[in-house]
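This report concerns a single protein chain and its ligand. The sequence and structure are shown first.

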Amino acid sequence: MTTGLTNIGATTRGVSNRLLCCALLGQCLGGGSADVGCGTARLTTMLAARGASVVGIDLDSAMLAVAAGRLSGRLVRADAAQLPLRDASVDVAVVVATLEFTRDPAGVLAEMARITRPGGRLVAAVLNPMSPWGWIGRVRRRAPYRDGRFLARSELLALGRKHGAAQIRGVLFAAEHLPLLRWLGPLSETIGAMLPRFGAVQILTIQRTRNLDSDAQVATSRQAREALMDNGPIYLDDGGLSPEIAARVYDRIGRLQDTQSPFERPAVDRLIAARRFEAATSVFEFGCGTGALAHRLLRDHIGPQSTYLGVDVSKRMVELARRRIAACADRARVVHIDGTLPLPAPDRSADRFIAAYVFDLLPPDYAAQVIDEAHRLLRPGGLACLVSLTHGRSTRARLISRSRHRIWRVAPRLVGGCRPIDLRHLFDPDHWDIDEDAVIESWGVPSELVVAAAR
Ligand SMILES: C[S@@+](CC[C@H](N)C(=O)[O-])C[C@H]1O[C@@H](n2cnc3c(N)ncnc32)[C@H](O)[C@@H]1O
């Protein structure tokens, strides 16, 4: 499992450690994690310093001897393909510049998935042979590019998707010896964000499907949420807008949100056409925006005895939605929330939980908690009806969703913080029955519609 890193690798390691620390922080605080192929334990030490109860695992005793000087008592000598940890025993499993030097990267990822609890996260940072550094290394036949078995981006993503909702991003850095590093560094990272295919490091994050029953997990997700809130107004590195930022972005977007409807309407139309609302007596909408969907439902689909409750973090949106459905004020309410959970509805009080184009802007941890909330407030058999942006299936849609994703990486506010996601992976098959899962394209923009019944 020795990585044999060169100077280039050392720079890669520095960049990926920095990114990983941002991406993992929410889950690592107080939680258990494993650094697989920890080498000299740089990352392990950084995670431990941030409060993670972390174990470093490596096969190479020389590496571990150096690591022991940094972090004693939390290191284990073992093969990444046979991790000496119990099933579902860590919140986060991370592997940096190691997967590509193992005999069976798929087997290592599967082992990491085994030890990661439902709702936890896997992060794999791998060197990219298609990056400028990779090209130079391969032409000159220099380590580490000479030695690795490098997976194509699509192969890595496909491997990741076997274990949960997977995303991949690339990072380009300026080599440490270049002049004007203070300016070149941020510039090259911006270019890398726009051209992730050529990033020096590919970072795969996999959100494991959740299981609602474990007490330990509930405690950890509370900690993760608190960490999220404590972080305040920041963009989380692995995506998503914190509630505070979402409120600010959507206060500014206001009525302009309705200009999105040509792209969004067909998926919502399909949801409505399936007559999911005619039998509903109590509808809860998460992120109701300007109240466009509420207005349609109340006017044409929900019976006169049925009730509607919409919530949103943006005060401006709440104001617009209240105005829009004012005629139904006797049975429809819109409430401003600050993003903290639980949501303002009693257990088993609704038979529909809807959210249109909201989950695609939430941080993954938080999205998983909102799904738990949907389960709590739905009656058994009640339906969660979600629509969000997703990854394209046709060439045109793939092109468009990738461009949008690129803009999102550089300036998330320009696309309302929304990026393509996999909705279905949010639903734990032990607690939900998927009734419908469809991808609908409009003007080349792909949306996913998922309807799931609570058990
Ligand atoms: C893209 S808009 C969609 C609005 C509406 N559902 C529609 O389809 O027109 C996203 C909405 O989600 C809201 N939102 C974002 N984060 C939220 C959160 N954590 N809790 C509740 N609402 C949130 C935003 O304020 C915004 O109104």
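The text below treats the overall fold, the surroundings of the ligand and one helix in turn.

The model is predicted. Its chain contains 14 helices and 14 strands. Of the 455 residues in the chain, 50% are buried. When contacts between residues at least 6 apart in sequence are considered, 74% of them join residues at least 24 apart.

The ligand is surrounded by 24 residues, of which Ala246, Tyr250, Gly287, Gly289 and Ala356 are the closest. By class, this shell consists of 16 nonpolar, 6 polar and 2 charged residues. Three elements each supply at least two residues of the shell, as listed here.

| Element | Residue range | Contribution to the shell |
|---|---|---|
| Helix H9 | residues 243-253 | at least two residues |
| Helix H11 | residues 292-301 | at least two residues |
| Strand S9 | residues 307-312 | at least two residues |

Helix H9 gives the most to the shell around the ligand, with 3 residues.

Helix H6 spans residues 153-161, and its buried residues are Leu156, Leu159 and Gly160. Viewed down the axis of H6, these buried residues fall within an arc of 100 degrees, and they therefore line one face of the helix. Ser154 and Glu155, on the other side of H6, are exposed. In general, an α-helix has 3.6 residues a turn, so residues three or four places apart point the same way.

Terms used. Residues numbered from 1 in each chain as written. Predicted model: local features only at pLDDT ≥ 70, side-chain atom pairs only at ≥ 80, totals over all residues. Near = placed C-beta within 6 Å. Helix = DSSP H or I, 4+ residues; strand = E, 2+ residues; numbered from the N terminus. Nonpolar A, V, L, I, M, F, W, Y, C, P; charged D, E, K, R; others polar. Buried ≥ 20, exposed ≤ 12 C-beta atoms within 10 Å, placed from the backbone. Arc of directions from axis to C-beta. Contact = placed C-beta atoms within 7 Å.
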